[in-house]
Amino acid sequence: MTKEELLSKLKTIIEPYVQNQEGLENMSEDTNFIDDLEINSANLVDVILDVEDEFDIEIDNDGMDKMLTVKASIEVIQNKLAAK
Amino acid sequence: MIGNDIVDLKLASVQSNWRRKGWLQKIFNESEQDKIWDAEDSNHMVWKLWSMKEAAYKAHQRLFSLSPKYNPYDFICADEDVTVQDYNYRTVSKQTEKYIYTIAFTDQTNFISKVFVDESLQYKSKLVYYIADMMDVNLSAVTLQKDINGIPIVKIHNKITDIAISLSSHGSFSAFTVDL
């Protein structure tokens, strides 16, 4: 899977939880889920569960720790996919 | 050191389905999950424990100037205490039908806290007003900012102070806690 495909899938996953639509339109690797997209911190659990379902991976606590930005999430997903 | 967190229960029930498969396991250990299922009102208990973890996270992050991390699982609730690694935070929670509010603190703390229930979300300006009054300076001399880790800081006459504050808002409710 290319990075672009991964990014596009991630964008679809987070969209229902985003409270700042402008942030989503301008989404980049540096985008922070809570600060820029105003995703409620309890909804990050849903993002993580959706990511697990979509990519058929399991995100452990170490992976979860990092999943606050687009960039870190992509890295976590890529690592888990590579380890499959 | 202090941290706070408020949960609007009505909004939480719209935003989060904690009964979703796998949801509780990502955040709560087995004894916390038992506590949730054993509670008279499981929904209330989920958000009480969540707010305890969030409040303790904020106090812990401020105490050690930590960069942001999403690790609610590492903050373990037992009775009214929250433990992370070897550090312990005490908490006090206020529960109503509409919201749950928790303050986490270390022993040497003399804090005051205020909850706003009027949807005005004026908590930041009210906090500035309070600090200006306590420090006996002009309102315009007090500014709130976030540091590089996103931790809120108080500046007076553009100088960083060591006044510890914590801010929280969710839905109709907001709150500040300040340790002077």
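This short talk goes through the contact between chains A and B, a helix pair in chain B and the nonpolar core. Before that, please keep in mind that this is a predicted model, in which local features need pLDDT of at least 70 and side-chain atom pairs count only at pLDDT 80 or more, while totals for chains, interfaces and linings use all residues. Residues are numbered from 1 along each chain as its sequence is written, and chains are lettered from A, with ligands numbered from 1, in the order in which they are written.

Let me start where the chains meet: 16 residues of chain B are in contact with 14 residues of chain A, where contact asks for C-beta atoms, placed from the backbone, within 7 Å. On the chain B side, α1 (9-15), α2 (23-27) and α4 (42-64) each supply at least two residues, and the largest share, 3 residues, comes from α2(B). Helices here are DSSP runs (H or I, at least four residues), numbered from the N terminus.

Turning to the helix pair, α3 (residues 30-38) of chain B packs against α4(B) at an angle of about 145°, with the axes 7 Å apart; axes are lines fitted to C-alpha atoms over the stretch in contact, and angles run from 0 to 180 degrees between N-to-C directions. Helix α3(B) brings E32(B), K35(B), I36(B) and W37(B) to this contact, and α4(B) brings S42(B), M45(B), V46(B) and L49(B).

Finally, α4(B) also gives the largest share, 10 residues, of the largest nonpolar core, which has 58 residues. Such a core is a set of buried Ala, Val, Leu, Ile, Met, Phe, Trp, Tyr and Cys residues joined through C-beta atoms within 7 Å, buried meaning that 20 or more other C-beta atoms lie within 10 Å of a residue's own. A59(B) is among those with the most contacts inside the core, and its contacts, not counting residues up to four places away in sequence, include Y89(B), A104(B) and F105(B).

Conventions. Two residues are in contact if their C-beta atoms, placed from the backbone, lie within 7 Å. A residue is buried if 20 or more other C-beta atoms lie within 10 Å of its own, exposed if 12 or fewer, and partly exposed in between; C-beta atoms are placed from the backbone.
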